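Trainee: I have a model open and would like to go through it with you. Can we start with the nucleic acid and move on from there?

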Number of protein chains: 2
Amino acid sequence: MDDQAIPLDAETKAVEMPDDHREELRLWLRLLTCTTLIEGEVRSRLREQFGVTLPRFDLMAQLDKAPGGMTLSDLSKRMMVSNGNLTGLVDRLVTSGHVVRTASPTDRRASVISLTESGRAEFRAMATKHEHWIADLFGDLTERDRGELMRLLGKTKLSARRAIQGEG
Amino acid sequence: MDDQAIPLDAETKAVEMPDDHREELRLWLRLLTCTTLIEGEVRSRLREQFGVTLPRFDLMAQLDKAPGGMTLSDLSKRMMVSNGNLTGLVDRLVTSGHVVRTASPTDRRASVISLTESGRAEFRAMATKHEHWIADLFGDLTERDRGELMRLLGKTKLSARRAIQGEG
DNA sequence: AAAAATTACTTTAAGCTTAAAACAAATTGA
DNA sequence: TCAATTTGTTTTAAGCTTAAAGTAATTTTT
């Protein structure tokens, strides 16, 4: 094998070096930047225009999709946050009148959380605006871009899950 | 123009309805899911294997790239977090001996934050592992996938910035 | 040079978030 | 059946995060 000290250009280097993963790192940082950027803007607009926090909005969004309500465990899985986190979040939303806790008829440990009528109405108004903000934030992507990004993120999601399951 | 009440299938609907942005919403939620998934796993491994939190790691990563140190404002811009947040984060890292504050020679308001020797050594060890984790998490994407995802996220970043600047 | 505006940072209050420990109810297994 | 395990939730302690208000130093404007 030819192993002489021939200078390599950047392209070649990336291929030749067995353990260089700077490219994946840059990809991850860019993904993180996009999310942080958009999330921050959404958070800011929700606060300014509706006086609501993003976690509260996210929780109400989950409940809006489940007319019969959800348990804390369901919410925890869907929202990918800890159970303990939800206890406090739900408490505050109960206090503000957006959601109610109902004893589960089938499981005495669990309670079912649902939107109140006013909570649902308030959420729907916010959700409409929210959807427009998102459309605007992604507005410079073509339909083709969006489809392709969707596909690649789907693949990324599966890859991450595989890596997580494999180790955990 | 033919404007009769002909039933539309889902495909046609998406095209015909002027104000439906569910597709962008789904894209955003998927982006968020990917980030949350990966971030959670990285956070968990950093804690288990090194007893360090993700924000501490992120801060050290910024300082490692700036041998001369950085001011809080620099860090704030780079990390996209508030100034007040950094004050506490830096305080804790000073206490644990990972970073030092030095009075800025040119600006009496500012202090320069830099890694200590041991802080840098510790970070480098973590960073090596971290890079492998990321490579593994993105491991099922081909080189072509990664390039394409990088490009689309770049476009997304610009689009979001445009939408934010335009309103702000 | 003095006033006005900006910049760098800290403090505060409130809320978010997690991990870990605890508890009770439900399920599984012997 | 009864013990062991799992599941649903809460509590606790610590740390993260933000927005807003405040302080001090610097820069810009007049």
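Mentor: Start with DNA strand C, which 24 residues surround, the closest being A:Arg92, B:Leu72, B:Ser73, B:Thr87 and B:Arg109. Of the strand C atoms that come within 4 Å of the protein, sugar and phosphate account for 77%. Keep in mind that this is a predicted model.

Trainee: Which side chains have an N or O atom 3.0 Å from a phosphate oxygen of strand C?

Mentor: A:Thr53 is one, with a side-chain N or O atom 3.0 Å from a phosphate oxygen of DNA strand C. B:Arg101 is another, with a polar side-chain atom at 3.0 Å from a phosphate oxygen of that strand.

Trainee: And what about B:Arg109, how far is its side chain from a base oxygen?

Mentor: An N or O atom in the side chain of B:Arg109 is 2.3 Å from a base oxygen of DNA strand C.

Trainee: Which helices supply the surface near strand C?

Mentor: In chain A, helix H3 (54-65) and H5 each supply at least two residues, and in chain B helix H4 (72-79) and H5 do so. H5(A) gives the largest share, four residues. By class, the surface near DNA strand C has six nonpolar, 10 polar and eight charged residues.

Trainee: OK, strand D then. Which residues are closest to it?

Mentor: A:Leu72, A:Ser73, A:Asn83, A:Arg109 and B:Arg92 are the closest of the 25 residues that surround DNA strand D. Sugar and phosphate make up 76% of the strand D atoms within 4 Å of the protein.

Trainee: What polar contacts are there with strand D?

Mentor: Among them, A:Thr87 has a polar side-chain atom 3.0 Å from a phosphate oxygen of DNA strand D. A side-chain N or O atom of B:Arg56 also lies 3.0 Å from a phosphate oxygen of this strand. For B:Asn85, the partner is a sugar or linking oxygen of DNA strand D, 3.3 Å from a side-chain N or O atom.

Trainee: Which helix gives the largest share of that surface?

Mentor: H5(B), with four residues. The elements that each supply at least two residues near DNA strand D are helix H4 (72-79) and helix H5 (83-95) of chain A, and helix H3 (54-64) and helix H5 (83-95) of chain B. The classes near DNA strand D are six nonpolar, 10 polar and nine charged residues.

Trainee: Switching to the protein-protein side. How much area is buried between chain B and chain A?

Mentor: About 6,200 Å², with carbon and sulfur atoms giving 68% of it. B:Leu27, B:Trp28 and B:Met150 supply 11% of what chain B buries against chain A, more than any other three residues. In terms of contacts, 56 residues of chain B meet 56 residues of chain A.

Trainee: How many salt bridges cross that interface?

Mentor: The rule finds 11 across the interface of chain B and chain A. One of the salt bridges in the model joins A:Asp140 and B:Arg162, with the closest N and O atoms 3.1 Å apart. The side of chain B that touches chain A gets two or more residues from each of helix H2 (22-50), helix H6 (117-137) and helix H7 (143-167) of chain B. H7(B) provides the largest share, 21 residues. That side divides into 21 nonpolar, 12 polar and 23 charged residues.

Trainee: Is A:Leu37 buried or exposed?

Mentor: A:Leu37 counts as buried because its relative accessibility is 12%, and buried means under 20%. A:Leu37 lies in helix H2 (residues 22-50) of chain A. Its contacts include B:Met80, B:Lys157, B:Ala160, B:Arg161 and B:Ile164.

Trainee: Back to salt bridges. How many does the structure hold over all chains?

Mentor: The structure holds 29 over all chains. A:Arg151 pairs with A:Glu148, the closest N and O atoms being 2.9 Å apart. These two residues, A:Arg151 and A:Glu148, sit three residues apart in helix H7 (residues 143-167) of chain A, about one turn of the helix. A:Arg151 counts as partly exposed at 41% relative accessibility, and A:Glu148 counts as partly exposed at 24%.

Trainee: Which residues are linked in a network of salt bridges?

Mentor: A:Asp145, B:Glu148, B:Arg151 and B:Lys155 are linked in one.

How values were computed: Residues numbered from 1 in each chain as written. Chains lettered and ligands numbered in written order. Predicted model: local features only at pLDDT ≥ 70, side-chain atom pairs only at ≥ 80, totals over all residues. Heavy atoms only, no water. Near = heavy atom within 4 Å. Polar contact = N/O pair within 3.5 Å; in protein donor to acceptor, adjacent residues only side chain to side chain. Nonpolar A, V, L, I, M, F, W, Y, C, P; charged D, E, K, R; others polar. Contact = heavy atoms within 4.5 Å. Buried area = accessible area lost by both parts, 1.4 Å probe. Salt bridge = Lys/Arg side-chain N within 4 Å of Asp/Glu carboxyl O. Buried < 20%, exposed > 50% of the residue type's maximum accessible area, 1.4 Å probe, protein only. Lists of a residue's contacts leave out its neighbours within four places in sequence.
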